[in-house]
Amino acid sequence: MVEAHGTSTKVGDVVEVESLIQIFGGAPRHSIGLGSAKGNIGHLKAGAGAAGLLKATMAMYNKVLPPTLNSVRPNPNIDFDNSPFQLIHEPRAWETNGATPRRAGVSAYGFGGTNFHLVLEEHVPGMLKAEPRVYAAAAIPSGAATGSASPSAPTSVNQAIHQPMNKKPLRGIFAIGANTPNELKNKLDDAFRKVEGGWTPDIKLPDPKELRMSERLVIDFGAHDELFEKLGKARKAAGFDNPQAWKALQGQGIFRGAGPKPGKLGYLFPGQGSQYVNMGAQLAKLEPVVAATFKEADQVMTPILGKPLTSYIFVDTTDPKAMQKSEIDLMQTAITQPAMLTMDTAMYRLLAEYGLLPDMAMGHSLGEYGALIAAGIMPFADALEASAARGAEMTKVSMDDNGWMAAVMAPLDVIEQTIAEVDGYVVAANINSNSQAVVGGASKAVEQAIALFEKKGFRAQRIPVSHAFHTKIVAPASAPLRKVLNRLRISEPKLPMVGNVTGELYPTTVEGIKDILELQIASPVQWVKGLETMYREGVGAFLEVGPKRALKGFVDDVLATKPEVWSLFTNHPKNGELESFNQALCGLYAAGYGVEALERADLPAPTPVQLAAPQVTRTVQTAPAHVESKVSTPMPQAATDPSNALLGQALLQALQQLAGASAAPQTGRPAQYDRNDVPAGSVVVTGTGLGLPGASKSVMDPDNALRILRGEQFVDLIPERFRKEMAAKRITRLVKSEDGSGSFVVIEQTDDVIKLAGRGGSFDLEAEYGVPAKLIEALDITTQLAMAAGLDALREAGIPLAQTYRTTTKGTYLPDRWLLPESLRDDTGIIFASAFPGGDRYADEFNRYFAFENRRQQIAMLEDILQYTADPSSQREITRKLNELKEELAQHPYEFDRRFIFRVLAMGHSQFAEYIGARTEHPCQCRLCIDCPGRLTGRGLDPQRSLSPCHRDRRRRCWQVRTLMGWIGSGFPGHRRRRNR
């Protein structure tokens, strides 16, 4: 069978089938099944290629030729009767031809995604010679049984936690204390002068005597210059000495504490969605307890995954393919859940080595298993196995409707009220903060809820997950999970823990714990209630123990009005692993935690964590490898819009069972520009400002966005006159021979140039948008189109153009121009980008000039010939032609237009800015429109970064080659692009 691209267009399908016939023309008639998944599911755009590959794979696996729906009437321009292909309308058995294995050819394009062009062949036993496999044996600890060890046998990880309290921090910790704020300021001034003179404190843990004082300042630093800079900022904040000034510096590792610690210390464990490639790699190289934790995870997970867990997490950062593969692997639930749990546990154990243990714990979704470990309820190895089973059972659930999930940015009361109005099953699956939640339920019900939220003016967006997690849809996974829990080691909690199901304290009996874990898989995450419970129980400091800082952001939102609440995080790739962890220590010390441990010679042992010996006989990797070390310098965070940050993080986390949000905005030193960072704030692509090709409709048709969503396309045949223009250009192209050699050939026939393109329809800037014709005369077509898009953007953003007036000599007022409101003119910028600015004006000017010159030359030539011709009939014909040319010359005279320079320069930015009255900076770019997605998501060199006074920008981009088709079209075969048929 052949799984084709299948454009379902009047030209595209003919081209594809004719190309296939050239290859398979020798096969028997109707011997090859031909189809496309698009007939069944539509065009998935970026995912279309993957869908085609999956269809072919499953067809071969099931030995069935699957039907292509909606293809009963074939394209009349394709001669299927005399071809080796047949369309399959009903599923039927895929029979083999003798000893030839089944084969499937796949040609599936994923626009903006991955293209698949490959041939699949089924495995036939005996056809391929099996090569012997060699495995590396893992060393079994002495005294350990092959099956399982005694529950009381501690591992090396437990021993590592019991080290004496003589640890050296990963970075510098500068700590001073005083009895009064004024005394603290004086000590800060003294330290600043010492550091200014060249002094740098040793890298060691802080003096507990300093931390025992009522006023404290603790600063994270890596080198002398960094400490000097941070001390300077601390001195400025000390001049104000208010909570807002100091809180703004926490994101840079500067912490100010006063009085006793604010209450109990609560640990928050993040769940799936916060993972990233090489998480924990730097810490594993420097901290034995972290490396030992990953090693344990490898021993437990290798029999389950088939290879070590760390082989999915730790990769060579200089290998882009390995990085990309690891990112994909870490999105697979079976890998992500144990990977996240391992990272959470590694951070918990590292904190324990500094004498920092929680008074209470809670975890988000999967993170609840990290809290189980911290509470002494479940050993790490058993929690790993439970998390793997949890993920596997959820993904096995198969219903007629696996449900949808959607992230919603709205107050919780509005969310509850809105979903109550929905006709169908939908619940708040992740109640994360007072202004954000993730809803889940039946597909149609969630779709209706999204529409209701948008109608009310709130942002709601579907999250592409396989199932509606934390809803009753995945409830069938609960019973199998309970069977796994029944054979694992579960104990009564050693410290209070809050659960997701109720948002209240966890049960204290073993059976009660199993009951709530069984419910947790299909119950909404009551995170807001859980945070309020922890605060009610006396928790004053919340530490996120694991990657990223989603849970810190929830704390900042839910407990924003509560006094003396500290929120910290321990790990984030943007800040750096060493920096993040050391700053967490500094924050805890400043708040008053960990002082008792510093005063004791030895670190007290935490709640014993009993581990079974690994049930493995082989392993491949036990420690991270190929990890590029990071320079230990701070990476301050840029301020972000909290609502956008919450939604962005929510989408990321809920992709894999839960939703999260990034931390509250950090202020202080501005972040160094990183071109890979997504810009803060919203990026809005207007709907009616979206110009599409299609000769049969208006370019700026208001329904263009709907046309995209419906999957319409407007690629059409290029008119013959344009193709003749291309052929007349004498384009040289490369022609390959069957023997692999090549030669350069000049194109002379229209069959050898491109035949398909997107062509623009009608467009009139004056009639459709009211722009004066006098102004339009100075604009090229790209600027006209971009100006139309800009006006649409202003309208859809709710920014009006206000009527202005001019004063007459009599003191009266007359209507003048429509401009931006005065308050918006100084902070609105225009960014104009076009691949071919002024190209149509160049072409028009050249055509008019050379047509005029050609007529003059023909007239001169004919007048010269007329002098030497005596034949009366020839003289009459020449005279007739002369009169025609002179009449054409009079009707189409050429005069150079003084506005030419304005028409061909890339001035769309300033022309539109002048038209609407925008007065800030207006950059101009030259980019192909394929660059638009990167621009909109901040993946390119973004000129908005340099618009310091500009609070908003209107981006207008256009690629219009209608007038230049004869030139631009010629460029494709001229650059050896494959021509279409």
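Start by selecting helix α10 together with helix α13 in this predicted model, and show the side chains where the two helices touch. On the α10 side the contact is made by Val289, Val290, Thr293, Phe294, Glu296, Ala297, Met301 and Leu305, which meet Ala334, Ile335, Pro338, Thr342, Met343, Thr345, Ala346, Arg349, Leu350 and Glu353 in α13. Sorted by class, the residues of this contact of α10 with α13 are 12 nonpolar, 3 polar and 3 charged.

With the side chains still displayed, look at the two helix axes: α13 covers residues 333-353, and its axis comes within 9 Å of that of α10, the two crossing at roughly 155°. Because angles over 145 degrees count as roughly antiparallel, α10 is roughly antiparallel to α13. The handedness of the crossing of α10 and α13 is right-handed.

Next, keep α10 (residues 288-305) on screen and add helix α15 (residues 380-396), whose axis lies 10 Å from that of α10 at a packing angle of about 55°. That angle makes α10 oblique to α15, and α10 passes α15 in a right-handed crossing. The residues to pick out here are Thr293, Glu296, Ala297, Val300 and Met301 in α10, which meet Phe380, Ala381, Leu384 and Ala388 in α15. By class, the contact of α10 with α15 holds 7 nonpolar residues, 1 polar and 1 charged.

Now hide α10 and keep the other two helices, in order to view how α13 and α15 pack at an angle of about 150° with their axes 8 Å apart. The pair α13 and α15 are therefore roughly antiparallel to each other, and their crossing is right-handed. Which residues make this contact? From α13, select Thr333, Gln337, Pro338, Leu341, Thr342, Thr345 and Arg349, and from α15, select Phe380, Ala383, Leu384, Ser387, Arg390, Gly391, Met394 and Thr395. The residues of the contact of α13 with α15 divide into 6 nonpolar, 7 polar and 2 charged.

From the helices, move along the chain to Asn500, which is placed in the loop between β17 (497-498) and α19 (510-520). Is Asn500 buried or exposed? Its relative accessible area is 1%, so Asn500 counts as buried. To see what surrounds it, set aside the neighbours within four places in sequence and select the residues in contact with Asn500, namely Met362, Gly363, His364, Ser365, Glu368, Gln520, Pro524, Val525, Gln526 and Trp527.

The next stop is Val528, a residue of helix α20 (residues 527-536). Val528 is buried, with a relative accessible area of 7%, and, not counting residues up to four places away in sequence, Val528 touches Leu412, Ile431, Asn432, Ser433, Asn434 and Val558. While there, draw a C-alpha to C-alpha distance from Val528 to Asp557, which should read 9.4 Å for two residues that are 29 apart in sequence.

Then go back towards the start of the numbering for two backbone details. Most residues other than glycine have a negative phi. Against that background, select His30, where phi is near 60°, a positive value in a residue other than glycine. His30 lies in the loop between α1 (12-24) and β2 (32-35), and at 33% relative accessibility His30 counts as partly exposed.

Continue to Lys63, which has a positive phi of about 55° although it is not a glycine. Lys63 is found in the loop between α3 (48-62) and β3 (64-65), and its relative accessible area of 39% makes Lys63 partly exposed.

Finally, zoom out to display the chain as a whole, in which there are 36 helices and 29 strands. Of its 981 residues, 50% count as buried, and the chain exposes about 46,700 Å², of which carbon and sulfur atoms supply 55%. If you compute a contact map of the chain, then among contacts between residues at least 6 apart in sequence, 77% join residues at least 24 apart.

Methods
Residues numbered from 1 in each chain as written. Predicted model: local features only at pLDDT ≥ 70, side-chain atom pairs only at ≥ 80, totals over all residues. Heavy atoms only, no water. Axes fitted to C-alpha atoms, helices over the stretch in contact; angles between N-to-C directions. Helix = DSSP H or I, 4+ residues; strand = E, 2+ residues; numbered from the N terminus. Parallel < 35°, antiparallel > 145°, perpendicular 65-115°, else oblique. Left-handed = near helix turned anticlockwise from the far one by under 90°. Contact = heavy atoms within 4.5 Å. Nonpolar A, V, L, I, M, F, W, Y, C, P; charged D, E, K, R; others polar. Buried < 20%, exposed > 50% of the residue type's maximum accessible area, 1.4 Å probe, protein only. Areas by Shrake-Rupley, 256 points an atom, 1.4 Å probe, with all protein chains shown as cover.
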